[in-house]
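Colleague: I would like a close look at one helix in this model, and then at whatever else can be said with care about the aromatic rings and the main pocket. Please take the helix slowly before moving on.

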Amino acid sequence: MTRKAGYALLAAIIALIVALSAAIYVGAAAGDGTGHSRDNLAGARTPRNPAEPASTGTWVGTWSASPVGAEPGTEMTGLANRSVRNVVHTSAGGTNARITLSNVYGQSPLTITHATIAIAVGGGTAAAVPETMRRLTFNGSTTVVVPAGRQAMSDAVRITVPHDSDVLVTTYSPNAAGPVTYHPRSRQISYAAQGDLTEDVTGTAYTEQVEYWRYLTALDVLSNESNGTVVAFGDSLTDGVGSSTGANNRWPDLLSDRLREAVEDGEDLPRYSFVNQGIGGNQVLANGLGRPAENLSGLGRFGRDVLSRTNVKVVIIDLGVNDILRNPGHADPDAIVEGLRTLVRQAHARGLKVIGATLMPFQGHNGYSSEREGVRQDINAEIRSGKVFDAVVDFDAAVRDPYNPRKFRPDYDSGDHLHPSDKGYKRMTEAFDLDDLKGGVPAQL
């Protein structure tokens with residue numbers, strides 16, 4: 001077989017993977033996702049609270065998290081008669097807000113009879129600023145039933161949401177509906193309490209603490225300070241594993257702060273919000289187990305987690321390390337790169353600019369081998385060639401040890417030799433050329 005024919009066959013295989021992932025996802029999940037396609041939403045009409053005052057601005061994503069799987073231990077009873085208070089951190093402020101709830105991994109309809117949004121009094125607490133407490137509605141009703149495998153978006157509600165702040169989104173479900181769709185390893189403490197305490201502002205009854213988000217997959221705001229959304233798409237390195245819990249030191253958080261500060265200093269840069277669609281263990285090519293698949297592959301979830309997000313302008317892709325580490329044999333760098341190119345083609349078809357990251361070193365991790373290091377180097381060489389993404393951020397060069405480029409510089413290493421420390425995440429952010437956020441899709445890659 002000629003080299004040209006081999007690449008054509010590889011591209012065909014990648015296309016088949018995308019098609020099969022989409023078919024499995026749609027068949028089992030009935031179109032669920034974290035996006036806002038009206039076909040995916042329970043109720044299926046434009047959400048709007050009739051009492052909402054007229055406002056101006058642009059709808060953007062201020063926070064988001066990908067649904068990863070089913071929470072262990074919730075298969076039979078779900079979270080019946082429990083109030084779930086998710087704590088999320090905003091990247092942009094606004095004057096109105098709306099949320100998206102997901103039941104993609106549920107096996108029965110999820111009934112939410114009470115939901116609220118409020119601004120937290122500070123970090124690390126379930127207490128709300130009393131005057132900010134707002135009751136949420138769904139198509140005008142305080143009750144919403146989210147079918148198994150589906151999602152629901154709330155109506156917009158008038159609330160002043162500051163940027164760089166913690167927001168409390170609380171839901172109450174009276175009935176057993178499991179398992180619970182969740183996002184683990186969130187690096188953020190959220191809460192739960194017995195009974196319907198959805199509008200409680202003290203937070204004292206919220207004694208259960210968990211480091212994951214339940215049901216909630218998106219928070220959008222009507223913003224006058226942002227006119228578009230940047231999606232950070234990746235694995236645990238994007239999800240922030242290794243960073244301090246509650247500190248919002250994931251690289252998308254820090255990059256959002258850096259961009260805002262530059263704009264406030266008068267630099268000619270776009271005013272964008274950021275949402276984080278990282279999933280620990282995620283791969284470009286392979287799905288996790290289950291039906292629907294938990295930890296859906298990058299190819300399988302790109303439509304859900306990027307193309308369906310609110311008002312997306314740019315996507316930053318940092319994905320591929322797990323394809324190397326989790327392959328029991330010798331991972332094919334050409335297949336991984338072709339998978340990344342497939343993501344870029346999908347983004348370009350929707351008019352999105354794509355920035356790609358080089359893969360960071362992992363010598364010292366128990367998955368390291370010289371063969372896997374060779375695959376990483378092959379992929380990085382292709383990324384650096386400029387033939388994969390519209391622009392490149394060189395995370396590898398930013399964090400590697402100058403005396404041994406196969407591993408992290410010691411102070412950038414969280415200790416597991418795979419994930420950065422807080423200082424390492426900050427260094428990744430500094431490696432970005434903010435000018436790369438400007439402009440649209442090039443005429444030809």
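Modeller: Please keep in mind throughout that this is a predicted model. The helix I would choose is α6, which covers residues 333-349, and its length can be checked in a simple way: at 1.5 Å a residue its 17 residues should span 24 Å, and the C-alpha atoms at its ends are indeed 24 Å apart, so expectation and model agree.

Turning to its surroundings, 12 of the 17 residues of α6 are buried, so the helix is largely enclosed by the rest of the structure. The buried positions are P333, A335, I336, V337, E338, G339, L340, T342, L343, V344, Q346 and A347, where buried means a relative accessible area under 20%. When reading that list, it helps to recall that an α-helix has 3.6 residues a turn, so residues three or four places apart point the same way.

Both ends of the helix deserve a comment. At the N-terminal end, D332 acts as a cap, with a side-chain oxygen placed 2.9 Å from the backbone nitrogen of D334. Beyond the other end, just after α6, G351 adopts a positive phi of about 80 degrees.

As for the aromatic rings, the structure contains 7 aromatic pairs. In one of them, W63 and W213 have ring centres 5.1 Å apart and planes at 75 degrees, and because an angle over 60 degrees counts as edge-to-face, that is how the pair is classed. W63 belongs to strand β1 (residues 58-64) and W213 to strand β15 (residues 213-214), so this pair ties together parts that are 150 residues apart in sequence. Both W63 and W213 are buried. The pair of F362 and Y368 is also edge-to-face, since the ring centres lie 5.8 Å apart and the planes meet at 70 degrees. Here F362 is buried, at 0% relative accessible area, whereas Y368, at 22% relative accessibility, counts as partly exposed. Separately, W251, F395 and F432 make up one aromatic cluster.

Lastly, the largest pocket holds about 300 Å³ of space. It is lined by 18 residues, of which R185, G280, G281, N295 and R326 are the closest to its centre. The elements that contribute two or more residues to this lining are β12 (181-183) and α2 (236-239). By class, the lining of the largest pocket is made up of 6 nonpolar, 8 polar and 4 charged residues.

Terms used:
Residues are numbered from 1 along each chain as its sequence is written. Side-chain values use heavy atoms; hydrogens and water are left out. On a 1 Å grid over the protein atoms alone, a cavity is a set of points where a 1.4 Å probe fits but cannot get out, and a pocket is an open set with protein on both sides within 12 Å along at least five of seven lines; lining residues have an atom within 4 Å of a point. Grid points are joined across faces, edges and corners, and a volume is the space filled by probe spheres set on the points. Helices (H or I, at least four residues) and strands (E, at least two) are DSSP runs, numbered from the N terminus. Ala, Val, Leu, Ile, Met, Phe, Trp, Tyr, Cys and Pro count as nonpolar, Asp, Glu, Lys and Arg as charged, and the others, Gly among them, as polar. The expected span of a helix is 1.5 Å times one less than its number of residues. Buried means under 20% relative accessible area, exposed over 50%, partly exposed in between (1.4 Å probe, protein chains only). A polar contact is a pair of N or O atoms within 3.5 Å; within protein, one must be able to donate a hydrogen and the other to accept it, and residues adjacent in sequence count only if both atoms are side-chain atoms. Rings of Phe, Tyr and Trp (its six-membered ring) pair if their centres lie within 6.5 Å; planes under 30 degrees apart count as stacked, over 60 as edge-to-face and the rest as tilted.
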